[in-house]
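Reader: I have the structure open beside me and would like to talk through it before I go back to the bench. Could you take me through the parts you find worth a look?

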Amino acid sequence: MNTLQKLTAEKLLRIKAIKLQPSNPFTWASGWKSPIYCDNRKLMSYPAIRNFVKVEFARLVLEKYPQADAIAGVATGAIAPGVLVADLLGLPFVYIRSAPKDHGLENMIEGDLRPKQKVLVIEDLVSTGGSSLKAVEAIRRNGSDVLGMLAVFTYGFPYAENRMHEARVELTTLCNYDAILDEALATDYIDESELQTLQDWRKDPENWGQTVKKAKNDRIRQ
């Protein structure tokens, strides 16, 4: 775990933007059972942390993508951090809807994005990669070039990583799942007995809830 990942993990856990509940799983909108829940929108309510994310994103843009012509935030969670980064760097900003509007111009890209512009995409969270790559596809259909993607956090699902690789999108994040587990363990947010559960979930998140339910039922029958 590098210093940036550790610092970001500490901040996300401290303000409960990320919560870990191995013994009382959350239910995602997809129906998946999960021992972790991430809501990075909370970052915007904490000025010091908001500024930290803005500065670190801007630093990464300057280091890795100095040729960027514009910043694109993925709606809705990455609109605010995307605007902050674009403002700090003095770059144009657009945001990408999850689907075209059903009225007016039926835009999927909001703002003035021109063909052949080099675009850096900002995300708050990467899970399966679906919404992130829909944004990438919209930018490419516009005739613009996607340089890469920056995100606050990723679960690091192999499926998502493979999709990013196939789509030729370089993803860089401030924090990841392993860093969260390391920091949570180091600060006694979780203990060793819960670590395996959290690691097992990431291996098969779609079916993990059924496995946990079966294990509980087996214990009850015993």
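Author: Let me begin with a pair of helices, keeping in mind that this is a predicted model. Helix 6 (residues 177-186) and helix 7 (residues 192-203) pack with their axes 11 Å apart, at an angle of about 170°.

Reader: Roughly parallel or roughly antiparallel, then, for helix 6 and helix 7?

Author: Helix 6 is roughly antiparallel to helix 7, because the angle between them is about 170° and angles over 145 degrees are counted that way.

Reader: Which residues make the contact between helix 6 and helix 7?

Author: From helix 6 the contact is made by Tyr-177, Asp-178, Leu-181 and Leu-185, while helix 7 brings Glu-192, Leu-195, Leu-198, Gln-199, Trp-201 and Arg-202. Sorted by class, the contact of helix 6 with helix 7 has 6 nonpolar residues, 1 polar residue and 3 charged residues.

Reader: And what about Asp-188, in the loop between helix 6 and helix 7?

Author: Asp-188, which is found in that loop, has a phi near 65°, a positive value in a residue other than glycine. Asp-188 is also exposed, with a relative accessible area of 66%.

Reader: Which other residue has a positive phi although it is not a glycine?

Author: Lys-116 is one such residue, with a positive phi of about 75°, and its place is the loop between strand 7 (109-110) and strand 8. Lys-116 counts as exposed, at 72% relative accessibility.

Reader: Changing topic to charges: how many salt bridges does the structure hold?

Author: The structure holds 9 salt bridges. One of them joins the side chains of Glu-63 and Arg-59, with 3.1 Å from N to O. Both residues lie in helix 2 (residues 47-64), 4 residues apart, which is about one turn of the helix.

Reader: Why would a spacing like that bring two side chains to one side of a helix?

Author: An α-helix has 3.6 residues a turn, so residues three or four places apart point the same way.

Reader: Are Glu-63 and Arg-59 buried or exposed?

Author: Glu-63 is exposed, with a relative accessible area of 53%, whereas Arg-59 counts as partly exposed at 31% relative accessibility. The pair also belongs to a network of salt bridges, in which Glu-56, Arg-59 and Glu-63 are linked.

Reader: Which residue forms a salt bridge with Lys-64?

Author: Glu-170 does, and the closest N and O atoms of that salt bridge are 3.6 Å apart. This pair links distant parts of the chain, since Lys-64 is in helix 2 and Glu-170 is in the loop between helix 5 (158-166) and strand 10 (171-176), 106 residues apart. Lys-64 is partly exposed, with a relative accessible area of 33%, and Glu-170 counts as partly exposed at 40%.

Reader: What does Arg-114 form a salt bridge with?

Author: Its partner is Asp-112, and the closest N and O atoms are 3.6 Å apart. Arg-114 is exposed, with a relative accessible area of 52%, and Asp-112 counts as exposed at 52% relative accessibility.

Reader: Let's go inside now. Which residues of helix 3 are buried?

Author: In helix 3 (residues 79-89) the buried residues are Pro-81, Gly-82, Val-85 and Ala-86. They lie on the same side of helix 3, because they cover an arc of only 135° around the axis.

Reader: What covers the buried residues of helix 3?

Author: The cover includes helix 2, strand 5 (70-74), strand 6 (93-96) and strand 8 (118-126).

Reader: And what is found on either side of helix 3 along the chain?

Author: Just after helix 3, Gly-90 takes a positive phi of about 70°. In the loop between strand 5 and helix 3 lies Thr-76, and the peptide bond from Ala-75 to Thr-76 is cis, with omega near -5°.

Reader: One last residue: is Asp-124 buried or exposed?

Author: Asp-124, which has its place in strand 8, is buried, with a relative accessible area of 11%.

Reader: What does Asp-124 touch?

Author: Leaving aside residues up to four places away in sequence, Asp-124 touches Asn-40, Gly-77, Ala-78, Val-152 and Phe-153. Asp-124 and Ala-151 are 27 residues apart in sequence, and their C-alpha atoms are 5.1 Å apart in space.

Terms used: Residues are numbered from 1 along each chain as its sequence is written. This is a predicted model: local features need pLDDT of at least 70, side-chain atom pairs count only at pLDDT 80 or more; totals for chains, interfaces and linings use all residues. Side-chain values use heavy atoms; hydrogens and water are left out. A salt bridge is a side-chain nitrogen of Lys or Arg within 4 Å of a carboxyl oxygen of Asp or Glu. Helices (H or I, at least four residues) and strands (E, at least two) are DSSP runs, numbered from the N terminus. Buried means under 20% relative accessible area, exposed over 50%, partly exposed in between (1.4 Å probe, protein chains only). The arc is that of the directions from the helix axis to the C-beta atoms. Contact means heavy atoms within 4.5 Å. Axes are lines fitted to C-alpha atoms, for helices over the stretch in contact, and angles run from 0 to 180 degrees between N-to-C directions. Angles under 35 degrees count as roughly parallel, over 145 as roughly antiparallel, 65 to 115 as roughly perpendicular and the rest as oblique. Ala, Val, Leu, Ile, Met, Phe, Trp, Tyr, Cys and Pro count as nonpolar, Asp, Glu, Lys and Arg as charged, and the others, Gly among them, as polar.
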